[in-house]
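Got your viewer open? Here is a short tour, stop by stop, with something to select at each one.

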Amino acid sequence: MREDSVLENVSIYQEVRAGLTALEGKNLYRRLRALEENRGTRAVWEGRKLLLFCSNDYLGLSRHPRVVCAAKKALDRYGVGAGAARLISGSTDVHEALEKKIARFKNKENALVFGSGFLANLGILTAFAEEGDTIIMDKLCHASLVDGARLSKAELRVFPHRNYAKCENLLKKCPGRRKILVTESVFSMDGDLADLGQIIRLRKKYGALLVVDDAHGTGVLGKEGRGATEGFSEGVDLVMGTLSKAAGGLGGFVAADKVLVDHLINFARPFVFATALPPVLCAAAAEAFTVMEEEPGIREKLRENIRKVHEGLTRLGFSLASPDSAILPVVLGDEGKALAAFEFLLSKGIYIPAVRYPTVPKGKARLRVTVSAAHTATEIDALIDAFAALGERDGKNP
Ligand SMILES: Cc1ncc(COP(=O)(O)O)c(C=O)c1O
């Protein structure tokens with residue numbers, strides 16, 4: 001008690017408290033909700049049964065029997081943790097097997113796994129860019145890419161979303177010794193796609209190093225599910241991805257030429273100075289990639305579900321971008337409106353938290369609907385019914 005009252009006097013506590021209150025006033029306060037009995041597409045919260053349309057487990061592999069079985073076996077053999085960084089004693093045959101599999105899956109010479117996708121992006125940009133270099137990035141790139149660029153001390157130049165003419169202008173004017181061009185393949189909050197053909201053309205013309213974050217494309221896009229970079233791997237220097245979305249687990253990866261991977265092993269600080277990804281997660285991810293290759297029906301089911309959700313919501317009058325990926329955001333604009341829509345859907349048993357600033361620009365709050373192959377037809381019908389009620393409540397398209 002006494003300690004608390006001392007802390008009350010520390011001004012940083014007062015400022016932090018005031019900051020959080022101000023955030024709440026702007027409808028930007030975030031809180032955690034602990035879901036119980038999370039079964040992927042279904043969970044329970046405060047006694048209420050909910051359907052989830054917000055996870056990135058696009059193929060439902062987090063619970064696929066083959067993936068779970070591979071994890072259980074690895075758990076028995078290797079335990080829960082790696083014990084040290086890869087360069088100390090944390091590197092195992094399971095890491096190498098996974099990296100070989102990722103390299104083959106992404107049609108690259110080599111691959112390297114990180115503790116998370118976020119760390120992979122920090123590692124890539126800080127290892128390849130430094131003061132005097134220029135990083136040129138699409139405006140809607142993920143926070144991990146922005147933070148990696150900032151940490152690198154290179155100059156960060158941002159071009160308007162998917163505006164490759166502006167991107168070219170920046171490359172032309174680029175004062176940097178080296179240019180690093182960065183884009184996502186599937187934009188995480190909008191679900192639209194980068195024009196990789198254009199980006200690769202610019203990379204060649206201006207001699208830039210191209211980094212493509214394929215976090216939301218891997219396992220989902222491409223004829224064989226190898227990602228948005230499928231068929232483009234030669235033109236992309238570093239294909240980054242995560243093991244936390246379609247692969248269903250946790251971890252990040254980079255696939256690239258051996259020389260670039262060697263550079264990362266030596267200079268990517270989130271790789272060198274962090275404990276290795278646990279072997280159990282590597283084994284699970286390796287099996288997830290095998291399932292992606294051997295069970296294309298799961299991806300077809302996902303496409304079918306995306307089509308159904310897109311058609312259903314569009315029919316109700318909600319304006320959605322084209323269904324290029326499993327991310328179908330319903331942009332509502334005002335933050336309060338998005339929160340109210342979240343609460344309304346919650347009352348109907350649908351769980352889609354409102355995505356607000358700073359994840360998306362101010363005034364562009366949204367319900368980021370995501371679709372999984374694991375959703376059943378009944379679950380999709382329930383989603384559409386709930387949105388119909390939301391539309392009715394607000395007149396038409398809210
Ligand atoms: C585009 C993009 N890149 C990177 C990440 C980070 O990946 P992870 O969640 O595996 O750390 C995310 C995750 O939210 C993402 O959306």
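**Start with the whole chain**

Switch on the cartoon: the protein chain has 15 helices and 13 strands, where helices (H or I, at least four residues) and strands (E, at least two) are DSSP runs numbered from the N terminus. Keep in mind that this is a predicted model, in which local features need pLDDT of at least 70, side-chain atom pairs count only at pLDDT 80 or more, and totals for chains, interfaces and linings use all residues. For your selections, residues are numbered from 1 along each chain as its sequence is written.

Zoom out, and the C-alpha atoms fill a box of roughly 55 × 55 × 50 Å along the principal axes. The radius of gyration is 22 Å, which agrees with the value near 21 Å for a compact globule of 398 residues; it is taken over C-alpha atoms, and the globule rule is 2.2 Å times the number of residues to the power 0.38.

**Colour the two domains**

Next, select 31-58 + 296-393 as domain 1 and 65-294 as domain 2; these bounds come from an automatic or database domain assignment. Their C-alpha centres lie 27 Å apart. Where they meet, 17 residues of domain 1 are in contact with 16 residues of domain 2 (contact: C-beta atoms, placed from the backbone, within 7 Å). On the domain 1 side, look at helix 13 (296-315) and strand 10 (327-333), the elements that give two or more residues to it. That side has ten nonpolar, three polar and four charged residues (nonpolar: Ala, Val, Leu, Ile, Met, Phe, Trp, Tyr, Cys and Pro; charged: Asp, Glu, Lys and Arg; polar: the others, Gly among them).

**Go inside**

Now show I124, F253, V254 and A285, which have the most contacts inside the largest nonpolar core, a set of 117 residues. Such a core joins buried Ala, Val, Leu, Ile, Met, Phe, Trp, Tyr and Cys residues through C-beta atoms within 7 Å, and buried means 20 or more other C-beta atoms within 10 Å of the residue's own, all placed from the backbone. Helix 12 (residues 279-294) gives the most to this core, with eleven residues. Centre on V254 and pick out its partners, including A111, A120, I124 and M240.

**Finish at the ligand**

Which residues come nearest to the ligand? Select S116, G117, F118, S188 and T242, out of 13 around it (near: C-beta atom, placed from the backbone, within 6 Å). Helix 6 (residues 117-128) gives the most to this shell, with three residues. Colour the shell by class, and you get two nonpolar, nine polar and two charged residues.

How values were computed. Contact = placed C-beta atoms within 7 Å. Buried ≥ 20, exposed ≤ 12 C-beta atoms within 10 Å, placed from the backbone. Lists of a residue's contacts leave out its neighbours within four places in sequence.
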